[in-house]
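Here is a note for a colleague who is meeting this structure for the first time. Please keep the structure open while reading, and look up each residue as it is named.

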Amino acid sequence: MTISRQLLPLAAASTTVVLWASAFIGIRAVGHDLSPGPLALGRMLVGSLTLTVIVLVARARRGPATAPLPRGRILGAIALWGVAWFGLYNLSLNAAERHLDAGTAAMLVNVAPVVVAVLAGLLLGEGFPARLLAGMAIAFAGVVLIATTTAAGGGADLSGVLLGLLAALLYASAAVAQKRLLARVDALTVTWLGTVAGTVALLPFLPSLITELATATGPAIAGTAYLGVFPTAVAFLTWGYALSRTTVGRLAAATYAVPALVVLLSWVLLGEIPAPLALVGGLLCLTGVAVATRRLTARPPAKLEPAANR
């Protein structure tokens, strides 16, 4: 039983990494038919609907033991978190992939774990373990190598790079904020309410979404649905589960595997063949992940004091 409890967060983190990697490919493919705002809204409509069904089933099974929904300041904090991650992050990432190939976009976004580690060490008391810092340094070297190599091929421009870095900052800030929220509200509820908030924030793009869907291809519509169900609903649930059982710094470091997977997937599915040095960078990313996330669940999550004591 103990081994099972130790493996579940690792399995959840692995699921998130694979599905988030596939999202970069999906956005790149669907982006030919849907512009950034409508794509973000379409993805979130599917994702929030999927999570609503999951929440209704879960609450029906729990019956009288179901915890009440958060209210007041906690609900407001979840809403702001949802707007930042599910709204603004998706917008900036979708726009970045209009200018960058999937691999370069993934490299830029995965600058975020460095920011996460610093914020978590400063704000959540997670500290700066030597293994974590060493692993992140190795992985970050891989990110730089892939990004530099890919950009040298002419695939990057300034606007795309800036949008990718904006997505990275939003991701890092949201990951740290979510750790605090999970100290008070369960992962399913936080994720569900966050997706609903993000969807509402994106509703101004509804007229454009309707117009673009009318001319979109079948694969583009199917791709949007995939992005909503798997990289959004499923991946953010498994992320929240893992985050509630380990430190945010270690979990964010695990996402350094995403660039390597994106490079491989974009090569196979999109025909974006990476340069040899990009593959070396991918291996560095995976090596860094192995170092930084070894015994992912060995360290208990940070304890946060109740709001009344802070």
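1. Leaving aside its neighbours within four places in sequence, with which residues is Val185 in contact? In this predicted model, Val185 is in contact with Pro70, Ile74, Ile78 and Val190. Val185 is placed in the loop between helix H7 and helix H8, the latter covering 187-202. Although it belongs to a loop, Val185 is buried, because its relative accessible area is 10% and the cut-off for buried is under 20%. The C-alpha atoms of Val185 and Leu75 are separated by 9.7 Å, while their positions lie 110 residues apart along the chain.

2. It may help to step back to the overall make-up before going on. The protein has 13 helices and zero strands, and so the elements, read from the N terminus on, are written as an unbroken row of α. Of its 310 residues, 49% count as buried. Among the contacts with a separation of 6 or more, 91% are accounted for by residues 24 or more positions apart.

3. The pairing of helix H2 (residues 36-62) with helix H10 (residues 218-243) deserves a careful look. Their axes are 7 Å apart and the two helices pack at an angle of about 50°, which makes H2 oblique to H10. The crossing of these two helices is right-handed. On the H2 side the contact includes Leu39, Gly42, Val46 and Ile54, and on the H10 side it includes Thr224, Gly228, Pro231 and Leu237. Sorted by class, the residues of the contact of H2 with H10 are 11 nonpolar, six polar and one charged.

4. H2 also meets helix H9 (residues 206-215), where the axes come within 8 Å and cross at roughly 90°. That angle makes H2 roughly perpendicular to H9. Pro38, Leu41, Gly42 and Leu45 of H2 make this contact together with Leu206, Ser208, Leu209 and Glu212 of H9. By class, the contact of H2 with H9 has five nonpolar, two polar and one charged residues. A reader following the H2 side may notice Gly42, which is listed in the contact with H10 and is listed again in the contact with H9.

5. Towards the end of the numbered helices, helix H12 (residues 257-270) and helix H13 (residues 276-292) have axes that come within 7 Å and cross at roughly 145°. H12 passes H13 in a left-handed crossing. The contact is made by Ala257, Pro259, Ala260, Val263 and Trp267 of H12, and by Leu279, Gly282, Cys285, Leu286 and Val289 of H13. By class, this contact of H12 with H13 has nine nonpolar, one polar and no charged residues.

6. Phe24, which lies in helix H1 (residues 2-30), is a useful residue for seeing how separate stretches of the chain meet. Phe24 is buried, with a relative accessible area of 4%. Not counting residues up to four places away in sequence, Phe24 touches Tyr89, Leu93, Glu97, Ala102, Ala105, Ala106, Val109, Val258 and Val262. Phe24 and Asn94 are 70 residues apart in sequence, yet 8.9 Å apart in space from C-alpha to C-alpha.

7. Is Lys179, a residue of the charged class, buried or exposed? Lys179 is found in helix H7 (residues 158-181), and it is buried, because its relative accessible area is 6% and anything under 20% counts as buried. A polar atom of the Lys179 side chain lies 2.7 Å from the backbone oxygen of Thr246.

8. Two further residues can be set side by side. Ser92, placed in helix H3 (residues 72-96), is buried with a relative accessible area of 4%, and, not counting residues up to four places away in sequence, it touches Leu163, Leu166, Ala167 and Leu170. Gly125, by contrast, is placed in the loop between helix H5 (112-123) and helix H6 (130-155), and it counts as exposed at 59% relative accessibility. Gly125 and Thr247 are 122 residues apart in sequence, and their C-alpha atoms are 9.9 Å apart in space.

Note on methods: Residues are numbered from 1 along each chain as its sequence is written. This is a predicted model: local features need pLDDT of at least 70, side-chain atom pairs count only at pLDDT 80 or more; totals for chains, interfaces and linings use all residues. Side-chain values use heavy atoms; hydrogens and water are left out. Axes are lines fitted to C-alpha atoms, for helices over the stretch in contact, and angles run from 0 to 180 degrees between N-to-C directions. Helices (H or I, at least four residues) and strands (E, at least two) are DSSP runs, numbered from the N terminus. Angles under 35 degrees count as roughly parallel, over 145 as roughly antiparallel, 65 to 115 as roughly perpendicular and the rest as oblique. A crossing is left-handed if the near helix is turned anticlockwise from the far one by less than a right angle, and right-handed if clockwise. Contact means heavy atoms within 4.5 Å. Ala, Val, Leu, Ile, Met, Phe, Trp, Tyr, Cys and Pro count as nonpolar, Asp, Glu, Lys and Arg as charged, and the others, Gly among them, as polar. Buried means under 20% relative accessible area, exposed over 50%, partly exposed in between (1.4 Å probe, protein chains only). A polar contact is a pair of N or O atoms within 3.5 Å; within protein, one must be able to donate a hydrogen and the other to accept it, and residues adjacent in sequence count only if both atoms are side-chain atoms.
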